[in-house]
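Trainee: I should like to discuss this model with you, element by element. May we begin with the terms?

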Amino acid sequence: MKKITGIISICVAVLLFAPSGTGQLQTDSLKVLLKASKKGKKLEILHQLTRLSLSTDPKKAIDYGKEAARVARSVKKPEEEALALQNIAKAYFFLGDYANAQKQYFASLKIYQELGDKQGIANTLNNLGVLCRSKGDYSKALDYYNKSLELKKILEDKQGIANTLNNIGEIHKFRGEYPEAIRNYRESYTLKKELGDKKWMANTLNNLGEIFSIWGDYQEALKYYLEASTLWSNLNNLQGMAGAYHNIAGIYESLNNYSQAEKYYLEALRIQEKLGDKSHLAATLRELGNVFIVQGKYEAADTNFSRSLLIEQELNNVPGVAATLENMGELYFKQNLLDSALRFFDKTLSLYRQTEDMRGMASCYSRIGETYWKKGEEKKAEGNYFKSLVIARDLNILRLIQNDYLGLARIYQQQKDYKKALDYFFKYLEIKDTLMNVQIHQQIAELETKYQTRQKEKELLLKDEQLRRKDLEIEKQNLQRNVILAGLVFVLLIAVLIFRNYRQKKKANEILRRQKEEIELKNKEITDSIRYARYIQRAFMPHEKYVHEIFRDIFIFFRPKDIVSGDFYWIGKSGRYAYVAAVDATGHGVPGAFLSLLGYNLLNMILKENPEIKPNEIMDELNKGFSERMFKEYQKRALRDSMDLALCRINMEKGILNYSGAYNPLWIARNEEMIVIKGDKFPIGSYLENPKTQYADHEVMLEENDVIYLFSDGYADQFGGPNGKKFKYTRMKELLLKISKEDLKKQKDILEQTMEEWMGVQEQVDDMLIIGFKVTRS
């Protein structure tokens, strides 16, 4: 009997270390050995069968894993049970069943924690990070990865450190934090190179290539992709090769070489379908659909997008669903079905906000801008282009910046504002030169040739090993050579055309440059001022830390309509009194922002000169000061430019609140009802017309758990809902009363979500401001 057991042990050892190309032979042989083995050896075989089945038959892998866990429990080997649970979780992950995958990982983690197995804990935390990343929960994924990294550094696990650094880099990439992503990727690559781990080296090279592609540095991106492709090919790793083909196709798509892009996407698709790799298959279907759109093959594009969406929804992959919906919006845009396109873009934008995908938000705003421009709604188009531009500049996404500049140039040309149009058109040309110059095309062609040459050399080596197929190999080599030559001729023709267009454009640019220099001298100061207006306005409003030093429980829902806002909030402290105001200056955008600056400075000055002053006295002084500064020579306009506000003073020791208002009321949620105190019916700015009018003072003794609300009219006046009507104060009051017992942070989240759903595809009509707070006596 001992002799038989020894033979089985030798067989298992041979099978465990057999070459990867003998996978099916290993599986069949292990099944035979499984029947003849006892529990100790049975566990070893079951683990190996589970691993071998993960990519080929995940459902079978789950069966093997469950059997391994059962055997481990019967022989009281918890570390083996934890390993089996890990393998089961991976199988569920491959099937897209994230809920069951998470359940198995948690069960495994509990065992490792009970055993004090730091390596097991670190590996499980890393796997949970991968799971959260696939679900689009990037914050939680980063938290798991960082915890895993700390443990792996304690264990001096270089392999684990490198893997986790790569995963952390991936999260930073998804969040648009590209320099941080590159730093993590390069640290990971250095460790992998030391370890000789070619598989992970290739994976990291792909990730680096993707970031340089986003930045528009296609030469650098293609260099990384081709290097990764060579490593995957040497490893005979089909999944890796498919990923490399997908990325190379993306470079050609960015360079408008759609025939090459289609060729590489189809090659990636063929491998992914063969492997049953659903998550990557969905992404390739999506990108291939984009190529079909450009080629005018709308029916084929729609088929690809529909397949991609079904897979992403099945996998519950929120980022993938968002990307596919955006592409479907683009398909409708190209077919001039603009309202349908907007619906898809708005759904996409909501998902990008949910996953904090800044790059996706920038892309979506740009597409919405272009759609509104095509509809002839220039103001909406302009606003969305600027939203995209702010994010794209922060992330250095050249392709998006270029598109936004061109969109703005077209809008200003349509409005006959030729100075602005010319300015943005030149910015567009500068970016276009960066992305599409002849040198880059030539260098990319050289890299492609080197890559194809390496592939041909590999085929020649194979030919020497397979002499009996000599004629077939020669024919294949000739075919490949002809394809390469045809491709090179095509690239050369494109390069010649681009160079000719470049020379023509250079002549035109010289004429335009001289005109532009004159315009820039006159407009630079104004342009710079407007560009920084938003940062100036945000700088003068109270910082979050200062606000929470005064009020422990407070939220501020602040959503400007444009880049800068006419609404603002003011919070101050003087002795035992705290002051808070919600202010709505006439209009929004730049004019409203200038009025808000004046109002904010006047409030600070009044409080500084009159410590512990009552709210109604502040209002009287503000009315006088604002009117005199704004309308010394324009008394007839005294009611056109004004401010509405609600202002409170709170005695933090006694819990006494004094309120005064211009139109805007004060609401207090108390014991299931909303107390409403109305403001006076004349605005700040009416002093010169009615100098004798004074604001009333209202005093309230606050009770425990009172929630005080101040606001502007923007939230109530927003159009939306199924009939496109205003939200109205009645609905707003019901909502605040309903949520008043919730935590204040949660109240803000509910307000944001409610307004997002109410607006739907409607444009925001005004600035929105709601302040909610509780008073804790000191």
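Mentor: Buried means under 20% relative accessible area, exposed over 50%, and partly exposed in between, with a 1.4 Å probe and protein chains only. Helices (H or I, at least four residues) and strands (E, at least two) are DSSP runs numbered from the N terminus. This is a predicted model, in which local features need pLDDT of at least 70 and side-chain atom pairs count only at pLDDT 80 or more, while totals for chains, interfaces and linings use all residues. Residues are numbered from 1 along each chain as its sequence is written, and side-chain values use heavy atoms, with hydrogens and water left out.

Trainee: How many of the eight residues of strand 2 are buried?

Mentor: Strand 2 covers residues 567–574. It is largely enclosed by the rest of the structure, because the buried residues among its eight number seven.

Trainee: In which order do the five strands of the open sheet that contains strand 2 and strand 8 stand?

Mentor: Two strands count as paired if DSSP finds at least two bridges between them. Strand 2 and strand 8 (698–701) stand at the edges, each with a single partner strand, so one side of each is left without a neighbour in the sheet. The pairing is antiparallel, and the order is 2-3-4-5-8.

Trainee: Which residue in the turn between strand 2 and strand 3 has a positive phi?

Mentor: Strand 2 and strand 3 pair in the antiparallel sense over eight bridges, and S574 stands opposite Y577 in strand 3. The two strands form a hairpin with two residues between them. The residue in the turn with a positive phi, of about 60 degrees, is G575.

Trainee: What angle does the direction of helix 28 make with that of strand 4?

Mentor: Strand 3 (residues 577–585) and strand 4 (residues 643–651) are antiparallel partners over nine bridges, with A582 opposite A646. Helix 28 (residues 615–630) packs on this sheet and touches strand 3, strand 4 and strand 5 (656–662), contact meaning heavy atoms within 4.5 Å. Axes are lines fitted to C-alpha atoms, for helices over the stretch in contact, and angles run from 0 to 180 degrees between N-to-C directions. The angle between helix 28 and strand 4 is about 150 degrees.

Trainee: Which strands are the edge strands of the sheet ordered 1-12-9-6-7?

Mentor: This open sheet has five strands, and its pairing is antiparallel. Strands that pair on one side only are its edge strands, namely strand 1 (554–559) and strand 7.

Trainee: Which residue takes a positive phi in the hairpin of strand 6 and strand 7?

Mentor: Strand 6 (residues 666–670) and strand 7 (residues 673–677) pair in the antiparallel sense over five bridges, and L666 has I677 as its bridge partner. Two residues lie between the strands, and the one with a positive phi near 50 degrees is N671.

Trainee: Is helix 15 roughly parallel or roughly antiparallel to helix 17?

Mentor: Helix 15 (residues 278–294) and helix 17 (residues 318–334) pack with their axes 10 Å apart, at an angle of about 10 degrees. Angles under 35 degrees count as roughly parallel, over 145 as roughly antiparallel, 65 to 115 as roughly perpendicular and the rest as oblique. Helix 15 is therefore, relative to helix 17, roughly parallel.

Trainee: What span should the 18 residues of helix 5 have at 1.5 Å a residue?

Mentor: The expected span of a helix is 1.5 Å times one less than its number of residues. In helix 5 (residues 78–95), the end C-alpha atoms are 26 Å apart, which agrees with the expected 26 Å.

Trainee: Which helices do the buried residues of helix 8 pack against?

Mentor: Helix 8 (residues 138–154) has buried residues including Y138, A141 and L142. These buried residues pack against helix 6 (98–115), helix 7 (118–135), helix 9 and helix 17.

Trainee: Is N167 buried or exposed?

Mentor: N167 lies in helix 9 (residues 158–174). Leaving aside neighbours within four places in sequence, N167 is in contact with N126, V130, Y145 and W200. At 6% relative accessibility, N167 counts as buried.

Trainee: How far apart in space are M358 and F174?

Mentor: M358 lies in helix 19 (residues 358–375) and is partly exposed, with a relative accessible area of 31%. M358 and F174 are 184 residues apart in sequence, and their C-alpha to C-alpha separation in space is 8.2 Å.
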